[in-house]
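The following exercises concern one protein structure. Please examine the sequence and the model before attempting each task, and compare your reasoning with the solution.

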Amino acid sequence: ELIDKEAELARLDREKGKVTAELSKLNGMLGNEGFLNKAAEAKVKEIRDRVAELNEILSGVEKRIEAMK
């Protein structure tokens with residue numbers, strides 16, 4: 001399996017940054033009492049589900065980064 005290790009690490013680092021930024025945004029929304037009081041229950045559930053999905057993605061990316069080092 002031929003891959004450019006540096007390029008793959010850079011790609012994974014960019015992916016980690018994007019996932020972390022989205023997680024930060026969504027966690028901010030979930031931490032906002034005003035948002036939680038006004039938002040539809042389905043929207044809050046959708047955001048919580050996305051946070052769980054992003055946490056899994058982040059974990060996988062971090063494991064791949066560690067495995068390549």
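A residue is called buried when its relative accessible area is under 20%, exposed when it is over 50%, and partly exposed in between. The model examined here is a predicted one.

**Exercise 1. Classifying a residue**

Task: Determine whether Glu 62 is buried, partly exposed or exposed.

Solution. Step 1: the relative accessibility of Glu 62 is 35%. Step 2: the cut-offs are under 20% for buried and over 50% for exposed. Step 3: Glu 62 therefore counts as partly exposed. Ala 52, which is placed in helix H3, is treated in the same manner: at 38% relative accessibility, Ala 52 counts as partly exposed.

**Exercise 2. The span of a helix**

Task: State how far helix H3 reaches from its first C-alpha to its last, and compare this with the expected value.

Solution. Step 1: helix H3 covers residues 41-68 and has 28 residues. Step 2: the expected span is 1.5 Å times one less than the number of residues, which gives 40 Å for H3. Step 3: the helix reaches 41 Å, close to that expectation.

**Exercise 3. The buried residues of H3**

Task: Identify which residues of H3 are buried, and against which helices they pack.

Solution. Step 1: the buried residues are Val 44, Ile 47, Val 51, Leu 54, Leu 58, Val 61, Ile 65 and Met 68. Step 2: an α-helix has 3.6 residues a turn, so residues three or four places apart point the same way. Step 3: the buried residues of H3 pack against helix H1 (5-30) and helix H2 (33-38). As an example, apart from neighbours within four places in sequence, Ile 47 is in contact with Leu 26, Met 29, Leu 30 and Phe 35.

**Exercise 4. The nonpolar cores**

Task: Name the members of the largest nonpolar core and the element that gives the most to it.

Solution. Step 1: this core has nine residues, namely Val 19, Leu 23, Leu 26, Leu 30, Val 44, Ile 47, Val 51, Leu 54 and Leu 58. Step 2: H1 and H3 are the elements that give two or more residues to it. Step 3: H3 gives the most, with five residues. A second, separate core has five residues, among them Leu 9, Leu 12, Ile 65 and Met 68.

**Exercise 5. Salt bridges between helices**

Task: State how many salt bridges the structure holds, and explain what the pair of Arg 64 and Glu 15 ties together.

Solution. Step 1: the structure holds eight salt bridges. Step 2: the side chains of Arg 64 and Glu 15 meet in one of them, at 3.9 Å from N to O. Step 3: Arg 64 lies in helix H3 and Glu 15 in helix H1, so the pair ties together parts that are 49 residues apart in sequence. Step 4: Arg 64 is partly exposed at 39% relative accessibility, and Glu 15 is partly exposed at 22%. Step 5: both residues belong to a network of salt bridges that links Glu 8, Arg 11, Glu 15 and Arg 64.

**Exercise 6. Two further pairs**

Task: Give the N to O distance in the salt bridge of Glu 62 with Lys 16 and in that of Glu 22 with Arg 50.

Solution. Step 1: in the salt bridge of Glu 62 and Lys 16, the closest N and O atoms are 3.8 Å apart. This pair links helix H3 with helix H1 across 46 residues. Step 2: the side chains of Glu 22 and Arg 50 meet at 3.0 Å. Here Glu 22 lies in helix H1 and Arg 50 in helix H3, 28 residues apart.

Definitions and conventions
Residues numbered from 1 in each chain as written. Predicted model: local features only at pLDDT ≥ 70, side-chain atom pairs only at ≥ 80, totals over all residues. Heavy atoms only, no water. Helix = DSSP H or I, 4+ residues; strand = E, 2+ residues; numbered from the N terminus. Buried < 20%, exposed > 50% of the residue type's maximum accessible area, 1.4 Å probe, protein only. Contact = heavy atoms within 4.5 Å. Salt bridge = Lys/Arg side-chain N within 4 Å of Asp/Glu carboxyl O. Core = buried A, V, L, I, M, F, W, Y, C linked by side-chain atoms within 4.5 Å.
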